[in-house]
Structure formats: C-alpha cells, structure tokens
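Please open the model in your viewer and keep the sequence beside it, so that each selection can be followed in both. The tour begins where two chains meet and then moves to a sheet within one of them.

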Amino acid sequence: MNPGATDQATAWSVASGPRGRGASSNQWRKRLEITFFVAPALLLFAIFVIVPVLQAGRYSVFNWNGLGPLDNFVGLQNYVQALGDEIFQRAVRNNLTIAFFSIAIQLPIGIMVALLLNRKFRGQTAMRVIVFVPYVLAEVVAGVVWVLILQPNGPLDAVLDTLGLGFIGQVWLGDPSVALWTVMGVLTWKYSGLAIVLLLAGLQGVPEELHEAASIDGATWWQVQRKITIPLLGPTIRTWIFLSLIGSLQLFDMVWILTKGGPVNATVTMATYLINQGTDRQQYGYASAVAILLFCISFILAILYQTLFLNRDAGVDKPRRKKVTR
Amino acid sequence: MKRTAALRAVALGAAVAMIATACSSGSGSDDATEGAGESTTLTWWHNSNTGAGKDYYDQLADEFEGDHPGVTVEVSALAHEDMLTKLDAAFQTGDQPDVFMERGGGELKAHVEAGLVKDISDSAADTISAIGGSVAGWQAEGQTYALPFSLGVVGFWYNKQIFADAGITEAPTTMDDLYAAIDTLKAAGIEPISVGAGDKWPAAHYWYYFALRQCSQEVLTDAVQTLDFSDDCWVRAGTSLEELVAKEPFNTGFLATVAQTGPASASGLLATGKVAMELAGHWEPGVMQGLTDDGQGLGENTGWFAFPEVAGGEGDPKAQLGGGDAWACSNDAPDVCVDFLEFMLSNDVQKGFAELDMGLPTLPSATAFVSAPELAQLLAVRNEAPYIQLYFDTAFGESIGGAMNDAIANVFGGVGSAQDVVDATVAAAESA
C-alpha cells in the first residue's frame, strides 16, 4: 500500500463530508463527465479486445476449421496438444531467448548512447534523429530491406568481403544455427532507438544540481554516471525493460518478414506459430488455444514484473515528484 | 519493442472468428430473386486483375449479360493473394460471391461439408462430360461441385543456354540422368537447382513427385480417401528425397528462399540465370517474366522437362503432379449461376482463354490454341498422363497438408527423416 493513495482517500472523504448536497451533485457531474469521455473508448476496447479474447476462449475448446457451426467440443485437448508440441515449446524458448538478449544487449547500448548524446556537442540533434530512425521506419519496410541485405552473396557479404572480413560471411537467414542470431541483430538495430530515446527523456529528469554538486566534490564523469545518473534512471529503465519484455514475447512482424519462423522452425515465435500452425491451416480452434496460451504467458509475466519491480517505482516516484513541483 | 502489434496477434484468431459468428446468419438473400424476368445479380470474383486477362473477363461478363436479359454480372478483379484472403473470410461469414474459384481437394471438401458450394452434377452434366477426367479433382462423394478451367502440371523449368554451356545435351529422363546433370553443372560452377523451401510448398512438390513415382495409383487414390499411409512406398518417397538432398543440388540458403517474390526468390534465381533449373508449375514463365527487367523471363532459353523416372517405383512414370482452378457457384446463388459456369467452359471462351495464354485450358477442343511453345509441350505431357495427382496439400486440405509440408521442409533442412514425414502426416490426419 502506498502512503500517497491513503492520503488522497482521506482528503476526499474530508472534503466531501461537510459540504453536503452541493458537493454530491458536483460529484455526480464529475462521474457523468467521466462516463461521457471514457465510454466510447471503453466500448471500443470491449468490442475489439475483451469480446475477442472471450471468443478465443470459447473457440479454443472446439475442433473448428472456421466453417460451419461449433459442434466438435474437445475440451482442453487443443491446449494439451499445443503444450506438448515440440515446435510450440521451441517458440516459447525462442521468445524467452529474444527477451533476454533484447534486454542484455539493448540496455547497455541504450545507456551508453543516451549518455553520449546527452553531452553537448555539434550535431547533437542530428545524431539523436539518426539513432531514432530505425525505430520510426515501418516494420515491413525495414524487414524487406534487411531481407535483401542479408541474401546469400548479397550486400552485407559484399561489404564484409571488401573489408577483408569475408570469413565472417554466413547464410544469414537460411542457416538454422545462425538465423535466430541474425534476427536478434536486426531487432537490436530496430529497437535500440526506443531504449535510447526513453533513456534520454529519463536523463532530462536527473537534476543538473546533483551533477554539479558531485563534480565539486571531485567525482569523475564516470563516477557521476555510475553513482547518480544510472540509479536515478531506474524507473525509466524498469519501464523500458517491461516494454521490451512484452514486445519480445509477442514478437511477430519482423520475424515473419525475415524468416516466417524458419528455416526449419529455427526462429519460430509464439505469434508466428499461432499464424502458421493455426490460422494458415484453418485450425481456428487450435489457433485460439495458442492465442490464449500466449495471452496467459504474457499476462503472467507482466503481472509478475509489475509486482516485483514496477510497484517499487510508484512508491519511490511520488514523494520525489512532489518535491520537484514544490 | 512493439506492444500493440503483438496485442493484435493475441486477438487475431479470435477476432476473425468473432466476425464469423456475428455474420453467419446474414446470408441467403440471393436466392429470393430467381424468378424469370426479374432482375438477377451474379457476383463474380476472379484473379485476372491486370492486362488482357482482365479485359477478356470484363468482355465475357458483358457478353453473358447480353445473352441473359435481366442478369447483371458484378465483377471483382482481385490480386490472387487478396482474393484468397477475402474468400477465406467470406466463407466463414457464409457471404461468398455467387461465382468463385475453387482449387479442389480438401479445401473443396470442407466447403461442401459446410454446405457452401452448389452441387452442379446434374445441371451442368453436358459440360462435365465434355471436360472429361480433369473434373475428378472437384468431385466429392461422386458429386461435382466445380468446373476446372485451367489445369497444369509441375515439372522442371530449365535454362537451355546454361545446360548447353555445361555440355548437357539432353534433358534428364531418369533420376540418374538428373544426378549426372547436377554433377556436371556443379563442376561448371553453377548452382543446379533453386527451390523456395522457405515457402515450404515448393520443397514439398519434390516429395509429392517421389510419392507419385514410388506409389501405385491405387495407393494414392486410396490415401486421399481414407488417409491410409501404411504402404511402405510413402517412406520410400522420403528416402528418394533424402538421396536428392544429399547431393546438395540446391541454391545457397535455399531453406530461407521464397518461391516467387523478388530477384532472390527461387523463380528469380532461375529467371536471372543464377541457377540452371527449378521444379515449378505452368505458372513459371509468367512469374519469371515479372521478375526480369525486360519482361521476357528466360525468353527463348526457357526449357521444360517432366519429373524424371525413379528406378524401382510402383507409380506410372508418366503420371504427373498438378492442380488447377475451377469455377464454382455458391450454394445460395441463383440458378443462372450454373449457366454462367457452363458459359465460362464453352468452347469459344476456353479458346480465347488459351489464345491469351491465361492458363492451360481443360476443354480438350481448346487445347490446340495455346500459343507459347513450352506451354504447348507441357500440355502435351499433361494430356498423355494416365492420371494427374492433385498437389497433396490441396488434396488433403490445409491442416494435414500443412503438417506434411512442414515435415518435408525438415528433410530439406536435414532435421527430419523419411519416416518423420509419414508420421507427421498420420498424426495430423488423426487429429483432423
């Protein structure tokens, strides 16, 4: 329980108590206003998120090819089949691998580049834009360009040859033992920009006085970053990790364009599995079961992360913000 | 990373399905307008959305309207992939067009079981007998549901120039010939064969053909009906494939190569002279033309030979793997829809279709009008074939065919065995 919330609750009841009728009609108006503004969004959310999720739950217990009535009830068989399926297990492993390496690679890159870009130098804005460009590029466009670059004897191999690094050359997307790492590389290129921009924004919240105070005390640049900046970036880092984690678990488009989950399932993710084995084969019941599993896995990890890490920020954040505004 | 796209993926299967139930009771208004003299609208989806083909179909629609006063044909010319996606969704909502394309096999069977396709066995009896045996792929339980207008076979397309330069004078007719050709080409520093194993079905065609060569016609026909894969010819098909894969005849990175999109696709590699040959269907010259700057594809260097004989196989060496497209009527379409199908398969229409090289006509009287020489050669092979086996993935339907294709692609990737292909297929057949 965080103290801020309790304070506010008491404040509410104290305020509304003695003022009587005027206040309560005021409250009604407020509620109406809220309903008025929230209802459309809530309605859309219900139609396009809640209902489909519930429907998926219903379909997932039927063997159904999308045509005709739902009449072949199979209970939890679709779930059992998915959980026991080697390729689905591999997809889960791949998702977790991607999540782990996304964080392990992009976080250090993000912090380092953000720190560099936070220092004043000529062309700073231009550099910031360049770094963010991959993230802004449409996924499909970026994916298709990478597919062309990574062709056997394609531009990447040519560049490596010219640099005398021809021995590094690989069948980037066609070799099952290399493909996942190739995908990882493209993902790093694509998404590091987001980490950098978020961390740069976070850096703006680190008060300049602290830096000054530290340098007066004789701290080196590195010490300042390690002891002051990075700890104060904590909330931003934890939020970014959360985004990265969920994104990795639900990764679809880039993998689909680069490899379609191949070669021989080397880069399969839960989402490509869902499309490939489920909807492409018109096993909508099975696809729904996989969708529900993906939903549950993401949901559980999200809740876990939220309770373990993000809640701390809610507590830490508040008093600090108050002080700043004052 | 991205959250929203992935959230969408979570709900995707569900959303499509939701729309399906929401609308499943909304169809059936078409059949109210059948009476003579009243105005009737026929909706027609086709995939000839460019050039002369599109004009030809527009012209046919006008012609049919002229012959049938009161009938309006509403034509939607869609890109092939768009058409398939839209058709899938339309079948789920039961709101499919009156006239649409059916590819036969398991797909058609599913549509028939769901009561979506009109039985035309009696109403189009004359045309059915005129087309002859080709109609078999569009029959279920002895009834006919669609009229095939184009039927092609799969074979090796090759670059005559490259073959000649490497000193290969005769197109291979046995697997030993093919292996010799592969060795010769490799020795000349040319990648022999491109295959779009990334899309799986082009790789699967090899296994299909080996099955066709290894298994007798009875075993094949029986398997399509009963899903019985116990004959050991099915495993032998995989063994033949393993043998071919072990020769390493394929283009670098073939596991990720796509079939037809872009210069690095299997078709693109053949069209630009990077490989010597590719196993593909009758569509290949058209695809290659789209992949070269001059729009010529391989031009006069285009060659074609049938899939070679396999020593010791029980199948007829002249049997071919193929498939095609047929016109079908929605179950709730007005009766005049069947007249339209018969019109589309009439002598004149098929002749015009052949002259424009839009496909390989099924009406025997129209086959003489195919103008491209290599297509004419392929047509001769098709017409000589004792039987044409429909692509197995189409024949068995997506759920079994998809599992089969995956397992075959694994053999290409060296992570699956001949037995695995049979096992995966049997497992999928049991759970379907």
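Begin by colouring chain A and chain B separately: in this predicted model, about 3,700 Å² of area is buried between chain A and chain B, and carbon and sulfur atoms give 64% of that area. On the chain A side, select L67(A), V264(A) and R281(A), the residues that lose the most area to chain B and that together account for 17% of what that side buries. If you then widen the selection to the whole contact, you will have 52 residues from chain A and 43 residues from chain B.

Next, look for the polar features of this interface. Between chain A and chain B there are two salt bridges, and six residue pairs are found in polar contact across the interface, with both residues at pLDDT 80 or more. With the interface still displayed, select the helices of chain A that give two or more residues to the side touching chain B, namely α2 (21-59), α4 (86-118), α8 (179-204), α10 (221-249), α12 (270-279) and α13 (284-325). Of the elements on this side, α2(A) gives the most, with seven residues. Colouring this side of chain A by residue class shows 26 nonpolar, 20 polar and six charged residues.

Over all chains, the count of salt bridges comes to eight. One pair to centre on crosses between chains, from D199(B), in the loop between β8 and α8 (201-214) of chain B, to K260(A), in the loop between α11 (253-258) and α12 of chain A. The side chains of D199(B) and K260(A) meet at 3.5 Å, taken from N to O.

Now hide chain A and turn to the sheet in chain B. Here four strands form an open sheet in the order β8-β9-β7-β10, with mixed pairing. Because β8 (191-194) and β10 (302-305) of chain B stand at the edges and each has a single partner strand, one side of each is left without a neighbour in the sheet. On average, neighbouring strands of this sheet are turned by 25° against each other, direction ignored.

Within the sheet, select β7 (residues 155-159) of chain B together with β10(B), which pair in the antiparallel sense over four bridges. To see one residue pairing, pick Y158(B), whose bridge partner in β10(B) is G303(B).

Finally, add helix α7 (residues 175-187) of chain B, which lies across β7, β8, β9 (275-280) and β10 of chain B and runs at about 125° to β8(B).

Terms used. Residues are numbered from 1 along each chain as its sequence is written. Chains are lettered from A and ligands numbered from 1 in the order in which they are written. This is a predicted model: local features need pLDDT of at least 70, side-chain atom pairs count only at pLDDT 80 or more; totals for chains, interfaces and linings use all residues. Side-chain values use heavy atoms; hydrogens and water are left out. Two strands pair if DSSP finds at least two bridges between them. Axes are lines fitted to C-alpha atoms, for helices over the stretch in contact, and angles run from 0 to 180 degrees between N-to-C directions. Contact means heavy atoms within 4.5 Å. Buried area is the accessible area (1.4 Å probe) that two parts lose on being put together, summed over both. A salt bridge is a side-chain nitrogen of Lys or Arg within 4 Å of a carboxyl oxygen of Asp or Glu. A polar contact is a pair of N or O atoms within 3.5 Å; within protein, one must be able to donate a hydrogen and the other to accept it, and residues adjacent in sequence count only if both atoms are side-chain atoms. Ala, Val, Leu, Ile, Met, Phe, Trp, Tyr, Cys and Pro count as nonpolar, Asp, Glu, Lys and Arg as charged, and the others, Gly among them, as polar.
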